[in-house]
Amino acid sequence: MVAKIAVLAGSTRKGSFNGRLAALGAERLRAHGAEVTEIDLRDYDLPIYCQDTESDAFPAAALALKSVLRAQQGLLIATPEHNGSISSLLKNAIDWASRPTDGESPVALSAYRGKVAAIMSASVSPFGGLRALIQLRQTLGTVQLLLLPEQVSVPFADRAFDAEGKFAEPLPATLLDQMTARLARTAEALSG
Ligand SMILES: Cc1cc2nc3c(=O)[nH]c(=O)nc-3n(C[C@H](O)[C@H](O)[C@H](O)COP(=O)(O)O)c2cc1C
């Protein structure tokens with residue numbers, strides 16, 4: 001079966017480096033045979049998570065995001081590093097989609113459980129957002145995703161991409177290709 005994999009960036013900035021990284025990841029996943037859904041968090045008007053908001057009426061955007069994630073076997077995420085952690089935009093999206101709906105148990109985690117994820121980051125700093133990746137790995141493990149050991153971090157992101165949005169150097173392209181190949185194969189195995 002063809003693996004369904006969602007790709008998303010934790011930044012909605014115009015010209016986002018993580019957006020570029022996510023686009024390159026989506027392109028490689030397609031090359032490795034996956035059916036890719038590119039999620040643009042601009043399309044989901046998610047309020048900042050609050051349990052009262054959830055109890056009053058589960059936001060339609062959160063429901064829509066969760067339903068897209070539920071349909072996947074895999075997930076590829078590119079996160080910026082904000083003050084040593086993942087962006088609040090990304091954490092908020094992960095949190096909303098972790099919430100139970102349709103009478104599910106509070107720990108059903110149906111958007112994530114039993115699926116596989118791979119993580120990436122791009123930062124203008126020399127460290128490439130590595131601290132954010134450590135935290136993203138922890139959060140995604142908490143919501144019961146299986147995490148690939150590979151990850152891609154792109155330092156000096158303002159110089160890492162050429163005018164067409166491709167990598168300026170060969171190494172990150174190789175690492176991304178290897179990681180997306182493994183993600184596609186693992187997601188395919190999980191899809192039965
Ligand atoms: C609030 C804020 C905090 C930041 N903190 C860090 C940081 O801790 N480490 C880092 O490498 N870059 C940090 N940066 C710089 C981001 O890596 C840089 O803005 C990057 O371009 C964001 O990703 P994007 O291009 O996908 O939007 C920070 C930027 C902002 C706006």
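Axes here are lines fitted to C-alpha atoms, for helices over the stretch in contact, and angles run from 0 to 180 degrees between N-to-C directions. Helices are DSSP runs of H or I with at least four residues, numbered from the N terminus. The model is a predicted one, in which local features need pLDDT of at least 70 and side-chain atom pairs count only at pLDDT 80 or more, whereas totals for chains, interfaces and linings use all residues. Residues are numbered from 1 along each chain as its sequence is written, and side-chain values use heavy atoms, with hydrogens and water left out.

**Helix packing**

The axes of helix α4 (residues 88-97) and helix α5 (residues 130-142) come within 11 Å and cross at roughly 10°; α4 and α5 are therefore roughly parallel to each other, a term for angles under 35 degrees. In this contact (heavy atoms within 4.5 Å), L90, K91 and I94 of α4 meet L136, T139 and L140 of α5.

Helix α1 (residues 17-31) packs on helix α7 (residues 170-190) at an angle of about 55°, with the axes 9 Å apart. The two helices α1 and α7 are therefore oblique to each other, the class left for angles that are not under 35, over 145 or 65 to 115 degrees. On the α1 side L24, G25, R28 and L29 take part, and on the α7 side L176, D177, T180, L183 and A184.

**Ligand surroundings**

Of the 13 residues around the ligand (a heavy atom within 4 Å), those that come nearest are S11, S16, E81, N83 and S123. The table lists polar contacts, which are pairs of N or O atoms within 3.5 Å.

| Ligand atom | Protein partner | Distance |
|---|---|---|
| oxygen | S11, side-chain N or O atom | 2.7 Å |
| nitrogen | E81, side-chain N or O atom | 2.7 Å |
| oxygen | G84, polar backbone atom | 2.9 Å |

Technical notes. A polar contact is a pair of N or O atoms within 3.5 Å; within protein, one must be able to donate a hydrogen and the other to accept it, and residues adjacent in sequence count only if both atoms are side-chain atoms.
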